[in-house]
Amino acid sequence: MSEFAARFGSGPEAAGAAGAAGPSRQGPPPSEEPWVCEVFDSVRSCLSPARSGFSVEEVFDRLDKLQSADGGLSPAEFDKMILTYRPELSVQQLKKLFALVNTSGSGHISLREFKRRFGETVDQPRREPGATTPSLPAAEEGRQGEAWAHKVLEKVRNCLSPERSGHSIEEVFRRLDRLDKADNTLSPKEFFKMILTYEQGLSSQQLQRLFALVNASGSGKITYSEFKKRFG
């Protein structure tokens, strides 16, 4: 079950909003701040059919039922969705995000507005299964490598938290340890499977870099102590 399904329920295909349509999103206005674009892109990726298991209409319908199924998302319904994926945001930031999506200023986000911001775009290429992320030039990778790596690790850490996973860090480690061979350590194979669950499309080089950052001892196996230090 996807994280969206676990949070907002699964069931028969939604019918109320499925017939509505809206224009494809054309991208954020140039004036939007970088953090705003990053949050929207992150949430949009999590709500994609490939990751949520639902169409954008079904996602909207389920969110609409959180409070009152009135064909629009209230601030409370929208905030709950955003905080599911970005729990660190402040009240002021949530208000700004809501206003950017609710372009009509009506106080309720329509399916058209929701789909424009979080639906499929026509100009965003689909990543084929097994495709890797294009590598950066060596000099640029040297400057940005640590930033992307820590961003990925922080994202996975949030997803593995007891509040979101429903398990303690010890239980998470034990479950991962059993994926290949239960030897009280995580092999590269077990670690890569965990990372790719939450961050798809990484190259083998990127996965190896992440493994090296967690496996500080350089032993080739991640111990519980190393795992807890990074994700606990």
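# Group meeting talk: side-chain contacts

Let me open with one residue, K96, which at a relative accessibility of 35% counts as partly exposed, where buried means under 20% relative accessible area, exposed means over 50%, and partly exposed covers what lies in between, using a 1.4 Å probe and protein chains only. Before going on, I should say that this is a predicted model, that local features need a pLDDT of at least 70 and side-chain atom pairs count only at pLDDT 80 or more, whereas totals for chains, interfaces and linings use all residues. Residues are numbered from 1 along each chain as its sequence is written, and side-chain values use heavy atoms, with hydrogens and water left out.

Back to K96, then, and to its partner. The side chain of K96 meets that of E33 in a salt bridge, at 3.5 Å from N to O, the term being used for a side-chain nitrogen of Lys or Arg within 4 Å of a carboxyl oxygen of Asp or Glu. K96 lies in helix α6 (residues 91-101), while E33 lies in the loop between α1 (3-8) and α2 (34-47), so this pair ties together parts that are 63 residues apart in sequence. Helices here are DSSP runs of H or I with at least four residues, strands are runs of E with at least two, and both are numbered from the N terminus. E33 is also partly exposed, at 35% relative accessibility.

By the rule I have just given, the count comes to 10 salt bridges. As a general remark, side chains of opposite charge can pair when their charged atoms come close.

Are the two partners of the next pair, K115 and E57, buried or exposed? Their side chains meet in a salt bridge at 2.9 Å, N to O, and this pair links distant parts of the chain, with K115 in helix α7 (residues 111-118) and E57 in helix α4 (residues 56-64), 58 residues apart. Both K115 and E57 are buried.

A further salt bridge joins the side chains of D61 and K65 at 3.0 Å, N to O; here D61 counts as buried at 8% relative accessibility, whereas K65 is exposed, with a relative accessible area of 53%. There is also a network, in which salt bridges that share partners join E38, R86, E88 and K151.

Now to the rings. The structure holds 10 aromatic pairs, where rings of Phe, Tyr and Trp (its six-membered ring) pair if their centres lie within 6.5 Å, and planes under 30 degrees apart count as stacked, over 60 as edge-to-face and the rest as tilted. One of these is the edge-to-face pair of F40 and F118, at 5.8 Å centre to centre with 70° between the planes, and this pair links distant parts of the chain, F40 being in helix α2 and F118 in helix α7, 78 residues apart. F40 is buried, with a relative accessible area of 0%, and F118 is buried at 4%.

The rings of F173 and Y224 have their centres 5.4 Å apart and their planes at 70°, so this pair is edge-to-face too. F173 sits in helix α10 (residues 169-177) and Y224 in helix α13, 51 residues apart, which again links distant parts of the chain, and F173 counts as buried at 0% relative accessibility. The ring of Y224 has another partner, since the charged end of R174 sits over it, 5.6 Å from its centre, a label that requires NZ of Lys or CZ of Arg within 6 Å of the ring centre and within 35 degrees of the ring normal. Elsewhere, ring pairs link F40, F60, F114 and F118 into a cluster.

Helix α13 (residues 224-231) deserves a word of its own. Its buried residues are E226, F227 and F231, and, seen down the axis, they fall within an arc of 105°, so they line one face of the helix, the arc being that of the directions from the helix axis to the C-beta atoms. On the other side of α13, S225 and K229 are exposed.

Last, the cysteines. A search of the whole structure finds zero disulfides, meaning pairs of cysteine sulfur atoms within 2.5 Å. The sulfur of C159 is 7.0 Å from the closest cysteine sulfur, in C46, which is too far for a bond, and C159 counts as buried at 9% relative accessibility.
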